[in-house]
Amino acid sequence: MGCCSGRCTLAFICGMQLISILERQIFDFLGYQWAPILTNFVHIIIVILGLFGTVQFRPRYVTGYAVWLVLWVTWNVFIICFYLEVGNLSKDSDLIMTFNMSMHRSWWMENGPGCRVTLVTPPPSWAPEDHRYISIAGCLLEYQYVEVAHSSLQILLALVGFIYACYVVKLISEEEDSFDFIGGFDSYGYQGPQKTSHLQLQPMYMAK
């Protein structure tokens, strides 16, 4: 009963992770955030494998999922530090999020709640010709805090998922040990039931 409850809870957490990361992936695609896009894709694959391992009693898959969650938490902590500009990090850097392939920022920068985008004309002389120069005002929530909220949700789900993944691996291992003890074959090999004969040998007397 405990194993079923733990597995069902972990499967539910994996489902929540898939829904939340697919939503995040869509907005990262819209903002051309290539580093998060690649990391999100890896996360989606591993969560699916973790879900498969949970349903099919595969502790190795669940263990791999738990190990990845540690890396996933680390990545999201970095994202939070990046957008809050902790240390020498700058949210205006093009190298980290877009690999210097574009000057795009988070999709939420222009499309956040209450944001009003105004095209600045003429653009400044340093602005690239193939990019528009805009002014953004009136945002109820700045885009960096939206990204921080996304990462915080991923960290919360990952921590809960890690705890339940360890719990499920423990329960599956205990069930396997219990099976080996009760119904498994011993180390001396399996011996089939011995057939007993009901025939009794009678002495034979030869007449002379």
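This section describes the disulfide, the salt bridges and the annotated transmembrane segments of a predicted model.

One disulfide is found in the model. The bond joins Cys-115 to Cys-139, with the two sulfur atoms 1.9 Å apart. The dihedral about the S-S bond is 125°, and the link between Cys-115 and Cys-139 is right-handed. Cys-115 is located in the loop between α5 (108-111) and β1 (116-119), and Cys-139 in the loop between β2 (134-137) and α6, so the pair ties together parts of the chain that are 24 residues apart in sequence. Cys-115 and Cys-139 are both buried. Accessibility was also computed for two further cysteines, Cys-8 and Cys-166. Cys-8 has a relative accessible area of 47% and is partly exposed. Cys-166 is likewise partly exposed, at 38%.

A search of the whole structure identifies two salt bridges. One of them pairs Glu-174 with Lys-170, with an N to O distance of 2.7 Å. Both residues belong to helix α6, which spans residues 143-182, and they are separated by four positions, about one turn of the helix. Glu-174 is partly exposed, with a relative accessibility of 40%. Lys-170 also falls in the partly exposed class, at 47%.

The other salt bridge links Glu-85 and Lys-91, where the closest N and O atoms lie 3.4 Å apart. This distance is within the 4 Å cut-off, so the contact between Glu-85 and Lys-91 is counted as a salt bridge. The two partners fall in separate accessibility classes: Glu-85 is partly exposed, with a relative accessible area of 33%, whereas Lys-91 is buried, at 18%. The value for Lys-91 is under 20%, and the residue is therefore classed as buried.

The unreviewed UniProt entry annotates residues 34-53, 65-86 and 153-172 as "transmembrane region". In the model, residues 34-53 are 100% helix and 0% strand, and the C-alpha atoms at the two ends of this segment are 29 Å apart. Residues 65-86 are 86% helix and 0% strand, and the end C-alpha atoms of this segment are also 29 Å apart. The annotated range 65-86 includes Glu-85, the acidic partner of Lys-91. The annotated range 153-172 lies within the limits of helix α6, residues 143-182. Lys-170 falls inside that annotated range, whereas Glu-174 lies beyond its end at residue 172.

How values were computed:
Residues are numbered from 1 along each chain as its sequence is written. This is a predicted model: local features need pLDDT of at least 70, side-chain atom pairs count only at pLDDT 80 or more; totals for chains, interfaces and linings use all residues. Side-chain values use heavy atoms; hydrogens and water are left out. A salt bridge is a side-chain nitrogen of Lys or Arg within 4 Å of a carboxyl oxygen of Asp or Glu. Buried means under 20% relative accessible area, exposed over 50%, partly exposed in between (1.4 Å probe, protein chains only). UniProt positions are given in the numbering used here, feature names are shortened, and annotations may be inferred rather than shown by experiment. A disulfide is a pair of cysteine sulfur atoms within 2.5 Å.
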